[in-house]
Amino acid sequence: MQKVNNLTQEDFELIKKFINMYETIEEQYKNDYMLCESLRKNMMFQKYAKEMQNSTIEEIFNRLKKEELKKIEDEDLYRKNLIMSQIDLLEQEVKQINNNKEIERLYNMIYIGNISEYFKEEEIEEEKPTKEYKKDIDIKEQRIEKKSTITQIYRRLKNLYDYKKIYDKIIDTEVLNDDFDFYEKFKEPIRLFLNANYNSIMKKLNITEPSEKTIEIINPTQQRTK
């Protein structure tokens with residue numbers, strides 16, 4: 001029997017919340033990246049960027065704006081309006097990128113950060129000398145596992161989440177059971193991490209979550225009705 005069948009509704013909601021946080025940050029970061037790509041493809045911006053390779057986006061834009069406005073002083077109205085509209089569009093993108101510094105920080109946090117600080121200190125019991133070697137190995141493995149990045153945690157939880165939503169999905173049982181064991185070890189730290197960070201993260205991303213109906217977990221052993 002697959003261990004994932006032991007997940008409760010509470011487990012499922014906790015997993016769903018973690019996944020939602022991760023995917024929201026990821027989506028916002030991708031939108032921010034697209035803005036950067038837009039600047040990189042803008043010929044007017046790139047002309048100044050090549051001359052100011054060690055400058056910030058804001059510094060490049062400020063010089064661009066100053067020099068381009070000076071150039072069009074003697075141009076006809078149509079030309080002025082055309083250049084001004086380009087400058088206005090660039091200015092909006094630069095401001096948005098600067099405002100999204102927090103998104104970049106959050107993305108780096110989930111990409112390389114971990115939640116090891118939310119684990120309780122290990123209580124190591126005294127064991128007989130014959131067990132010392134195995135104990136040292138187990139402790140070392142636990143410490144390595146607790147350094148798993150938030151991205152690594154997300155991937156494991158995503159497997160469990162997808163399986164519970166589509167429980168007849170074909171998936172390797174050994175992998176699924178391993179993901180369940182991993183979740184069991186991380187369950188409480190994940191809860192503590194979300195309690196400490198979830199609301200503030202969603203607020204920083206200006207996300208107001210709609211009320212959702214609880215998704216009922218159907219036991220795979222129960223007969224399905226058509």
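**Entry 1: the core**

I began with the largest nonpolar core, which holds 36 residues, and found that Phe-18, Met-21 and Ile-190 touch the most other members. For my own use, a nonpolar core is a set of buried Ala, Val, Leu, Ile, Met, Phe, Trp, Tyr and Cys residues joined through side-chain atoms within 4.5 Å. Buried means under 20% relative accessible area, exposed over 50%, and partly exposed in between, with a 1.4 Å probe and protein chains only.

I then looked up which helices feed this core: H1, H5, H7 (150-165) and H8 (173-204) each supply at least two residues. H8 gives the most, with eleven residues. Helices here are DSSP runs (H or I, at least four residues), numbered from the N terminus.

A note on what I am reading: this is a predicted model, where local features need pLDDT of at least 70 and side-chain atom pairs count only at pLDDT 80 or more, while totals for chains, interfaces and linings use all residues. Residues are numbered from 1 along each chain as its sequence is written, and side-chain values use heavy atoms, with hydrogens and water left out.

**Entry 2: around Met-21**

What does Met-21 contact, once its neighbours within four places in sequence are left aside? I found Ile-110, Ile-150, Phe-193, Leu-194, Tyr-198 and Ile-201 (contact means heavy atoms within 4.5 Å) on the list for Met-21. Apart from the largest core lies another one, of 16 residues, including Met-44, Ile-72, Ile-87 and Leu-90.

**Entry 3: salt bridges**

I counted a salt bridge wherever a side-chain nitrogen of Lys or Arg is within 4 Å of a carboxyl oxygen of Asp or Glu. By this rule the count comes to 16.

I looked up Glu-23 and Lys-158, whose side chains meet at 3.1 Å, N to O. This pair links distant parts of the chain, with Glu-23 in H1, Lys-158 in H7, and the two positions 135 residues apart. Glu-23 is partly exposed at 29% relative accessible area, and Lys-158 is partly exposed at 22%.

Next came Lys-47 and Glu-68, with a salt bridge of 3.2 Å, N to O. Lys-47 sits in H2 (residues 43-51) and Glu-68 in H3, 21 residues apart. Is each partner buried or exposed? Lys-47 is partly exposed at 38%, whereas Glu-68 is buried at 6%.

My third pair was Glu-67 and Arg-63, at 2.9 Å, N to O. Both lie in H3, four residues apart, about one turn of the helix. Glu-67 is partly exposed at 28%, and Arg-63 is partly exposed at 29%.

I also noted a network of salt bridges that links Glu-10, Glu-188 and Arg-191.

**Entry 4: the second largest pocket**

Last, I turned to the second largest pocket, with about 180 Å³ of space. On a 1 Å grid over the protein atoms alone, a pocket is an open set of points where a 1.4 Å probe fits, with protein on both sides within 12 Å along at least five of seven lines; lining residues have an atom within 4 Å of a point. The volume is the space filled by probe spheres set on the points.

Among the lining residues I found Tyr-29, Asp-32, Tyr-33, Cys-36, Lys-101 and Glu-104. H1 (9-41), H3 (57-71), H4 (77-99) and H5 (101-112) each supply at least two residues of the lining, and H1 gives the most, with four. By class I noted five nonpolar, three polar and four charged residues. In that sorting, Ala, Val, Leu, Ile, Met, Phe, Trp, Tyr, Cys and Pro count as nonpolar, Asp, Glu, Lys and Arg as charged, and the others, Gly among them, as polar.
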